[in-house]
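Please load the model in a viewer and keep a selection panel to hand. The stops below are intended to be visited in order.

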Amino acid sequence: ALPASAQGTLDAVRARGALSCGVNTNAPGFTTLDSRGEYQGMVADLCRGLAAAIFGDATKVRWVPLTFATRFTALGAGEVDVLMLTSTHTVLRDSTLGLRFTANYFYDGHGFMAARATNATNVAALAGASICLLQGTTNEGITAEYFRARNLAFTPVLFADQDQVVRALAAGRCDAYGMDASGLASAQSALPNPAEWVILPERFSKEPYTPVIRRGDENWFDVVRWFVSALIEAEESGVTQANAADLRASSQDANIRRLLGALPEVGQALRLDPAWALNAIRAIGNYGEMYNRHFGPGTPVAMPRGQNEIWTRGGLHYAPPFR
């Protein structure tokens with residue numbers, strides 16, 4: 001079979017009848033397997049929403065669990081159509097891997113979680129500590145740079161996925177864990193004794209997550225980028241999972257009409273059905289609904305939205321105009 005990019009990824013996805021989506025293996029809030037063996041979390045929802053935008057059917061997803069160390073190789077080799085797995089957009093990744101980072105769906109920052117028994121109140125107090133890290137992540141390099149710049153020693157303990165890290169933390173193999181704040185909250189929620197661990201307040205990086213695709217397919221880039229933007233625009237415009245269909249029929253707002261396909265030009269430009277965004281929103285809700293479902297109060301991870309709010313409420317999410 002030809003690589004998807006040789007015939008156009010959107011056409012290849014349609015011909016296959018399913019979207020091949022690269023996901024985290026075990027990251028509460030982003031991707032976990034429930035008791036029925038079904039993927040849940042924000043990353044899983046993004047896969048379903050994109051499938052709904054393409055097919056009008058959120059179930060048409062081929063799930064491909066990947067590790068941080070193998071994700072970019074798998075994408076470049078055509079094993080997946082899109083990498084939804086939490087991946088930070090950096091200049092070197094964007095310019096040297098033959099890949100394209102599309103639109104930010106989550107803003108985060110590197111931090112550390114330490115065992116309460118260490119009595120650490122800041123990261124400098126972890127001098128000499130053993131620190132769990134995920135191999136192939138920006139966090140591995142950020143941690144090394146922090147300790148090297150301060151002439152402090154530490155012992156890195158590398159793992160392929162967060163499930164392994166959680167087991168290592170629970171077994172006492174590491175004094176701390178270096179990861180993005182969402183990953184720290186996710187890991188803490190999965191530990192048998194979460195209260196024995198504390199997430200330290202300092203943040204050391206910018207970690208914007210985006211869906212990632214292969215270079216050389218501008219139509220597919222547009223589809224993925226505007227799919228993310230549609231979820232953000234829907235929240236700003238008051239379009240929800242419950243009211244999207246009614247607003248498509250009744251709204252006189254031209255922006256909402258273009259978003260939901262009552263005016264067809266956006267879908268035509270993307271080579272999608274005019275109702276592509278409507279189908280995605282009906283499947284997974286707008287961005288805020290999706291965030292609250294997986295990170296809101298009452299969830300195991302429970303992270304305040306902060307910079308993941310839309311721009312009108314002081315956050316960083318801002319969709320370009322739908323016109």
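The tour passes from a sheet and its covering helices to a helix and then to salt bridges.

**Conventions**

This is a predicted model, in which local features need pLDDT of at least 70 and side-chain atom pairs count only at pLDDT 80 or more, whereas totals for chains, interfaces and linings use all residues. Residues are numbered from 1 along each chain as its sequence is written, and side-chain values use heavy atoms, with hydrogens and water left out.

**Stop 1: the sheet**

Select the five strands that form an open sheet with mixed pairing, in the order E10-E9-E11-E8-E12. At its edges are strand E10 (155-159) and strand E12 (197-199), each of which pairs on one side only. From one strand to the next, the twist averages 30°. Strands (E, at least two residues) and helices (H or I, at least four) are DSSP runs numbered from the N terminus; two strands pair if DSSP finds at least two bridges between them.

Next, select strand E8 (residues 110-115) together with strand E11 (residues 176-180): the two pair in the antiparallel sense over five bridges. Which residue of E11 is the bridge partner of His110? The partner is Asp180.

**Stop 2: helices across the sheet**

Add helix H6 (residues 138-149), which lies across E8, strand E9 (130-134), E10 and E11 and runs at about 150° to E9. Then add helix H8 (residues 181-190), lying across E8, E11 and E12 at about 130° to E11. Contact here means heavy atoms within 4.5 Å. The axes are lines fitted to C-alpha atoms, for helices over the stretch in contact, and angles run from 0 to 180 degrees between N-to-C directions.

**Stop 3: helix H3**

Select helix H3 (residues 42-55). Its 14 residues should span 20 Å at 1.5 Å a residue, and its end C-alpha atoms are 20 Å apart, which agrees; the expected span is 1.5 Å times one less than the number of residues. H3 is mostly covered, with 13 of its 14 residues buried. Buried means under 20% relative accessible area, exposed over 50%, and partly exposed in between (1.4 Å probe, protein chains only). Gly56 follows H3 and has a positive phi, near 75°.

**Stop 4: salt bridges**

Side chains of opposite charge can pair when their charged atoms come close. A search of the whole structure finds 14 salt bridges, each being a side-chain nitrogen of Lys or Arg within 4 Å of a carboxyl oxygen of Asp or Glu.

- Remain at H3 and select Asp45 with Arg293, whose side chains meet in a salt bridge (2.7 Å, N to O). The pair links distant parts of the chain, Asp45 in helix H3 and Arg293 in helix H14 (residues 287-295), 248 residues apart. Asp45 counts as buried because its relative accessibility is 7%, while Arg293, at 36%, counts as partly exposed.
- Select Arg271 and Asp11, which form a salt bridge with the closest N and O atoms 2.7 Å apart. Arg271 is in the loop between helix H12 (265-270) and helix H13 (276-284), and Asp11 is in helix H2 (residues 9-16), 260 residues apart.
- Select Arg100 and Glu218, a salt bridge whose closest N and O atoms are 2.9 Å apart. Arg100 lies in strand E6 (residues 99-101) and Glu218 in helix H9 (residues 218-237), 118 residues apart. Arg100 is buried, with a relative accessible area of 19%, whereas Glu218 is partly exposed at 46%.

Finally, select Glu235, Arg305, Glu309 and Arg313, which salt bridges with shared partners join into one network.
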